[in-house]
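Please look over the structure shown below. A short report on its strands, packing and charged pairs follows.

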Amino acid sequence: MLEMLNVFKRWKSPRRTPPMQVANLSQVFQAKYARFKELLESNTEVSKIISDIEVKLRGQEVFGMSYIFSQSARAVFHTLRMIQSLNALSNQKYPSLLDVLDKINQRIKEDLGQKREAPVTDWVLPYSLVTTEAAHWVGNKNANLGEMLNHVRVPIPEGFAITTHAYDFFLVSNDLVDEINKIKMEIYPNDPQSIAEASEAIQKLIVTAEVPADLSAVILSAYDSMMERIDAAGGRSVPREVSLRSSAIGEDSELSFAGQYLTLLNVHREEILVAYKNILASLYTPRAISYRLAKGIRDEDIAMSVACLQMVDSVAAGVAYSRHPFKIDDDEIILSAVWGMGPFAVDGIVTPDRYTLSKDVPPVIRREEISHKPVRLVRAPGGGMKEEPVPESLRDIPCLSREQLSLLAGYVRKLEGHFGYPQDVEWALDGSGNLFILQTRPLRTEIHDEKCIEAAAVDTDIYPVLVEGGEVAHPGMAAGKAFHVTSDRELLDFPDGAVLVARHSSPKFVIVMRKAAAIVTDTGSVTGHMASLSREFGVPTILDAKNATTSIPQGAEITVDAHAGRVYLGRVAQFQQLQVCRLPYMIGTPIHGILKKVAESIVPLRLFDPKSPSFTPQHCSSLHDIMRLVHELSYSEMFQLSDMVTGGGGFAVKLNAPIPLDLYLIDLGGGLAPSQQHRRKVSVDAVTSIPFKAVLKGMLHEDLRYLRPRPVELRGFLSVMSEQMLAPPRGGAERFGDPSYAIISDKYINFSSRVGYHYSVLDSYCGQTASKNYISFSFKGGAADDVRRMRRARAIARILASLDFNVETQADRVDARLQKYGQDVIEDRLDMVGRLLQFTRQLDMLMCTDSSVDIISDSFLKGNYNLEDLSCV
């Protein structure tokens, strides 16, 4: 408190820093600013992690232990980074924060039941030594195979895991780490061409490198030992070839990575090392890079393990789900089957046979659809695979007998029971009638109550039906222009908001799933890889539509009803009002209970008021508390450098402007007119920073400058009052009195504002070089209840999306980014962001219904900022 008073006195002091001292101070400041920016980056990451955990706690999205491990570890890492940056800013003024963090971290570890184990140093491990506890060193696919063998007792092929330690050794031995990092610096997330170029360069580095001799010998020796075990068990007639499957860290977890990495089948002994390198290189295919970017997964958190399995010469193969992925009333097993090898089923090449079975013992077959299966994938004599026609007599008959269906359903039921949540299982049947489980992973489920979907009759005279009877892989409504994809090249040109139309479903479409409004394909299955990805990315998807590519014209405006499996010509207006109720599926599961326990050390915010005597490191009981404290202290340390200059004053200056912010500026150079740089207060006219001038232009817009308080709607007001009485404060007792800060230069701004109960961060560079220009904007919070705050977030997201931003929303948080536009466009969008900052004040009170989202956003985009006629929208 005394320090805060001293700071206040220095700010109010009439003394001015001499010009020479300020010049020296500016150099010191710029050095400190690098640590401050690092602190802000980690602050953003912790905030995202907290928001994501809050969403998962609602129980509507599936997740596994690897999610809890990774998110808690990332939260601790970024909190530590914030503390280290604060101590660098303050000359190690807050060492006790490290002790506080260590105590919280130990509590998290205890809640996770983490054991202090030495890392695996073996390059290969037989499955007899692998369980889920080894997932960090062998990946989830290998870990689940070992778990099935050792604890579930279901049949898997013979094999072994090549560990992540081998992957690390391969990279280090070939000096590839720095080279790969250098190439990754050239990737721009929203530029598919830059991703493709980096992918090609990195993969070339990996496949042209040599597998170290020691590692080669260990891998081939493990293969020989495997074959000896097979021979000893009387299996001399089985193939001598193997399948090599990716098992990356995080793969087959709550994030499926379905079809993103490589599987190579029917590999001869002499080709194993080449195949191994190709699978390592698949970490950097364009679609794998795009997937990680879309999911916010750092490359530092990934590593590739590989499963080396006895090749199953399958006569039939397919996928099984232990329940329906989105229908609430359908807790039955779904099986798909094709002749030959499984890739034709999961990649959508052949429409598979489909079965629905009860979970009774024995199971009852509820539904059976036998498809026409004209081709199959089989082993080629020289290695690899080949396509061949299915004999006429087999094309239209079932791939599985009743006994085989019953046995397979029993395995699936057993796996769900063991792991404790729905499973996505791949299986194969060999020529001797033996069933093998090739892999299992969590099934991503989004449970939709179909009773919550309001029916809407469509006038087919106005909106003709183009497609009917397709299989819904992920439900939802979407409209956009049809874009036919027939080659990988066309994916690079895929436009935002288009509907992807293709002959086959394919996991390579993940490259554009952030852009696609919906997906419709002629063939494919709800149990395929792309269907998993569609659910993961929330893209309405219809598969097996038969004639989509011939019935849907290129460029036509269409509406996709991925509830009924229909596609209409034109934009069906009434579908925009449809809503789907998503029900909490995970609540009550053991994993949800663990997350809830761990979240107590991460999510709650109990440090509220910076002016309180308890606003200290000793009173931090969660990572959120530490984040709040460090963020607040960092501004004090950043902007108050007068104790470093003899006789000097503060370096921050107050902006005198008619805006509802107590706003202070720090100029890195060129942000303020030279004649104004050493004043305590400056006017708007003194600002020369290009991006900040644009923001102020928006905030001072004539229709917003004298904006009166929002019309108060009684329910909205009561929502705010009840939320404040019944819920812990979210932002502290200082709500409307906190200072806000802007760090500026001639072409740069970092603007953090806290108005009322919401908080926003704007970061932008605006100059003549378009490739350097960007706007990054985040918004979170509000005073009303969760529903109204989330509606406001959706309205903000809709506005920003209309202004060409790439937008992500999570609960009441919005993150938006615009980049690589010319200076005039960036200035225009910053102007609009400035208006948005003013416009959104107290807006959550008005968000009475879901229709408010469209009404509010449309009003803003039309320039109607007053909303005087809208007491409740």
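Contact here means heavy atoms within 4.5 Å. The model is predicted.

**The loop around S622**

By that cut-off, and leaving aside neighbours within four places in sequence, S622 is in contact with I104, E600, S601, I602, P604 and R606. S622 sits in the loop between α17 (590–599) and α18 (623–639). Its relative accessibility is 0%, so S622 counts as buried. A polar atom of the S622 side chain lies 3.0 Å from the backbone nitrogen of D625.

Two of the residues that S622 contacts, E600 and R606, also form a salt bridge with each other. R606 is partly exposed at 38% relative accessibility. E600 is partly exposed too, with a relative accessible area of 46%.

**Salt bridges**

Side chains of opposite charge can pair when their charged atoms come close. A search of the whole structure finds 44 salt bridges. Three of them are listed here.

| Basic residue | Acidic residue | Closest N and O atoms |
|---|---|---|
| K56 | D52 | 3.2 Å |
| R379 | D313 | 3.3 Å |
| R606 | E600 | 3.3 Å |

K56 and D52 share helix α2 (residues 19–57). They are 4 residues apart, about one turn of the helix. Both K56 and D52 are buried.

R379 and D313 form a salt bridge that links distant parts of the chain, 66 residues apart. R379 belongs to strand β10 (residues 375–379). D313 lies in the loop between β5 and β6 (314–321). R379 counts as partly exposed at 23% relative accessibility. D313 counts as partly exposed at 35%.

There is also a network of salt bridges, which links R354, E369, E471, D544 and K546. Two of its members, R354 and E369, reappear below as facing residues on paired strands.

**The open sheet β1-β2-β5-β3-β4**

How are the 5 strands of the open sheet ordered? The order is β1-β2-β5-β3-β4, with antiparallel pairing. β1 (124–126) and β4 (263–267) are the edge strands, and each pairs on one side only. The twist averages 20 degrees from one strand to the next.

At one edge, 3 bridges join β1 to strand β2 (residues 159–162) in the antiparallel sense. L125 has A161 of β2 as its bridge partner.

Helix α10 (residues 272–281) lies across β2, β3 (242–248), β4 and β5 (304–310). The helix runs at about 25 degrees to β3.

**Strand β8 and its partners**

Is strand β8 (residues 353–357) enclosed or open? All 5 of its 5 residues are buried, so β8 is largely enclosed by the rest of the structure. Both faces are covered. D353, Y355 and L357 are buried on one side, R354 and T356 on the other.

β8 runs antiparallel to strand β7 (residues 333–339), joined by 5 bridges. A337 has D353 of β8 as its bridge partner. Strand β9 (residues 365–369) is also antiparallel to β8, with 4 bridges between them. Here R354 stands opposite E369 in β9. R354 thus has several roles in the picture: R354 is buried, faces E369 and belongs to the salt-bridge network.

**Strand β30**

Strand β30 (residues 774–781) has 6 of its 8 residues buried, so β30 is largely enclosed by the rest of the structure. β30 pairs with strand β32 (residues 813–819) over 7 bridges, in the antiparallel sense. S776 has R817 of β32 as its bridge partner.

**Aromatic pairs**

A search of the whole structure finds 6 aromatic pairs. One of them is F839 with Y865: the ring centres are 6.0 Å apart and the planes are at 70 degrees, so the pair is edge-to-face. The pair links distant parts of the chain, 26 residues apart. F839 lies in helix α23 (residues 823–839), and Y865 in the segment after α24 (851–861). Both F839 and Y865 are buried. Together with F860, they form one aromatic cluster.

**Helix α3**

A73 lies in helix α3 (residues 65–89). With a relative accessible area of 46%, A73 is partly exposed. The C-alpha atoms of A73 and K109 are separated by 9.5 Å, and the two residues are 36 residues apart along the chain.

Definitions and conventions
Residues numbered from 1 in each chain as written. Predicted model: local features only at pLDDT ≥ 70, side-chain atom pairs only at ≥ 80, totals over all residues. Heavy atoms only, no water. Pairing = 2+ DSSP bridges. Axes fitted to C-alpha atoms, helices over the stretch in contact; angles between N-to-C directions. Buried < 20%, exposed > 50% of the residue type's maximum accessible area, 1.4 Å probe, protein only. Phe/Tyr/Trp six-rings, centres within 6.5 Å; stacked < 30°, edge-to-face > 60°. Polar contact = N/O pair within 3.5 Å; in protein donor to acceptor, adjacent residues only side chain to side chain. Salt bridge = Lys/Arg side-chain N within 4 Å of Asp/Glu carboxyl O.
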